[in-house]
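The following note concerns the meeting of two chains. Please read the points with the structure in view.

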There are 4 protein chains.
Amino acid sequence: MDSMMMDMMSKDMKMADMDMMMDMSVMQACMDACSACEQACTVCSMQMMDCAPACMNCADMCNTMMRGMMRMQGMTSPVMMAMLDACIAMCQYCMDKCMEHANHSEVCKMCAQACKACMDACMAMRESMMMAAS
Amino acid sequence: MDSMMMDMMSKDMKMADMDMMMDMSVMQACMDACSACEQACTVCSMQMMDCAPACMNCADMCNTMMRGMMRMQGMTSPVMMAMLDACIAMCQYCMDKCMEHANHSEVCKMCAQACKACMDACMAMRESMMMAAS
Amino acid sequence: MDSMMMDMMSKDMKMADMDMMMDMSVMQACMDACSACEQACTVCSMQMMDCAPACMNCADMCNTMMRGMMRMQGMTSPVMMAMLDACIAMCQYCMDKCMEHANHSEVCKMCAQACKACMDACMAMRESMMMAAS
Amino acid sequence: MDSMMMDMMSKDMKMADMDMMMDMSVMQACMDACSACEQACTVCSMQMMDCAPACMNCADMCNTMMRGMMRMQGMTSPVMMAMLDACIAMCQYCMDKCMEHANHSEVCKMCAQACKACMDACMAMRESMMMAAS
């Protein structure tokens with residue numbers, strides 16, 4: 001995400017006095033990973049291999065997750081946590097499916113990597129929120 | 001959802017020998033509730049009241065949930081459970097926000113009802129899956 | 001779409017004094033056809049036949065079209081016309097692809113019918129808008 | 001979009017022997033501009049100013065456009081042209097609405113710039129396709 005737009009978002013969130021203290025750099029990394037994962041999954045689903053249904057689900061979940069982080073005014077920490085859990089589970093499964101043919105499909109391999117990166121970024125986001133809450 | 005299309009989906013799921021036994025009528029009701037909730041939230045977000053951000057998040061989550069149920073080949077029971085939890089949490093929050101001005105806004109009141117119905121349908125779906133698994 | 005919600009939408013549009021006079025029943029039919037087409041295409045893309053990429057594109061375009069009609073405050077007649085043209089072109093192509101194997105796939109046949117219905121509804125909407133403008 | 005993934009997409013498109021010769025660098029720029037515009041519009045719609053409905057419409061159209069370019073196997077040149085026209089019209093309108101308060105809202109100003117960039121990239125894509133067809 002554009003860094004200037006990110007600064008604007010941070011200001012908005014401060015003005016809204018949101019009860020969740022966010023590490024904005026962790027959140028920015030997470031939004032970027034979601035966006036990259038949506039794109040990789042969209043391309044990978046075009047391979048028409050058996051990972052395609054998982055890729056389509058993962059693309060939609062990642063887009064919803066990314067938009068949710070851009071609209072933090074419209075949720076709470078527990079809702080965000082539940083969405084992060086869903087996104088992590090979806091990315092994990094999609095990664096596993098794509099890894100099954102990572103050896104003979106470069107696209108699947110790259111999609112699995114994007115899923116892994118998104119999963120890691122969501123976990124980092126979750127941890128960051130739990131530390132802020134404690 | 002069209003009942004003939006629903007029959008086709010059921011057959012596909014049987015052919016794919018999915019490990020999760022679904023009560024297809026519960027799933028159909030859940031997809032319909034997600035669709036109705038996406039629509040109500042989309043209209044409600046146009047009211048530009050303070051529930052708007054929650055409504056936008058809820059519309060996206062419900063659409064992702066509905067599509068996920070139509071693409072069960074691309075997930076597993078645990079992934080589905082995590083997505084249902086996220087959808088329930090999101091609907092609950094959106095309902096709460098919309099209920100705050102249900103008295104002076106008919107649209108918010110109807111949106112809150114659609115959120116409640118979607119939340120209930122997702123809970124019924126979760127229960128149905130847990131019973132099948134036990 | 002729920003008829004009570006539809007009434008609310010109509011009132012909002014009147015209050016916003018939108019320059020486009022809409023036949024609300026034509027618009028409601030169009031939104032319903034878009035929603036049904038998104039669902040049929042989502043299920044059909046799971047067949048993993050050669051219509052799958054068209055079905056995925058069509059599902060997304062129909063969802064964007066439906067939401068756009070629910071957010072008429074955020075567009076103008078010419079923008080709406082351009083979106084209707086895009087949706088009609090997409091549905092037409094998806095219908096053609098699905099019709100190629102309508103004989104041996106019930107899902108493709110039903111998807112083609114949903115595409116046809118959506119295309120017709122978008123054309124009716126376009127005509128209704130052109131009559132209102134003249 | 002990741003450049004390695006872009007290379008894969010190009011290869012797939014060649015293998016599918018698509019009748020439209022694409023300048024892949026123009027298409028990559030267009031997908032990136034759509035993605036940036038979806039994000040800017042999503043953030044801008046949170047400002048709850050009068051551009052919000054346009055921003056929501058624009059975010060959805062840009063996402064559908066981006067995904068469509070990643071799934072060229074599922075459309076034809078005329079369908080793509082119609083979608084580009086719709087995206088251009090939507091971006092233009094959103095830009096105009098956001099420019100109305102660009103002086104006192106930094107987010108609206110940035111959103112207008114993202115809309116402009118997306119509109120230009122879609123126009124370049126359209127031109128590139130017309131030159132290839134002639």
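1. Between chain A and chain C there are zero salt bridges, a salt bridge being a side-chain nitrogen of Lys or Arg within 4 Å of a carboxyl oxygen of Asp or Glu. This is a predicted model, in which local features need pLDDT of at least 70, side-chain atom pairs count only at pLDDT 80 or more, and totals for chains, interfaces and linings use all residues. Side-chain values use heavy atoms, with hydrogens and water left out.

2. The side of chain A that touches chain C divides into six nonpolar residues, one polar and one charged (Ala, Val, Leu, Ile, Met, Phe, Trp, Tyr, Cys and Pro count as nonpolar; Asp, Glu, Lys and Arg as charged; the others, Gly among them, as polar).

3. Eight residues from chain A and eight residues from chain C form the contact (heavy atoms within 4.5 Å). The area buried between the two chains is about 550 Å², with 84% given by carbon and sulfur atoms; buried area is the accessible area (1.4 Å probe) that two parts lose on being put together, summed over both. Met46(A), Met48(A) and Met56(A) lose the most area to chain C in chain A, together 71% of what that side buries.

4. Chain A is superposed on chain C by a rotation of 180° with 0.0 Å of shift along its axis (RMSD 0.0 Å; least squares on the C-alpha atoms of residues with pLDDT of at least 70 in both). That is the relation of a two-fold axis. In chain A, the C-alpha of Met48(A) is the nearest to the axis, 3.2 Å from it.

5. The copies meet through the same surface, because 100% of the interface residues of chain A are also interface residues in chain C.

Key: Residues numbered from 1 in each chain as written. Chains lettered and ligands numbered in written order.
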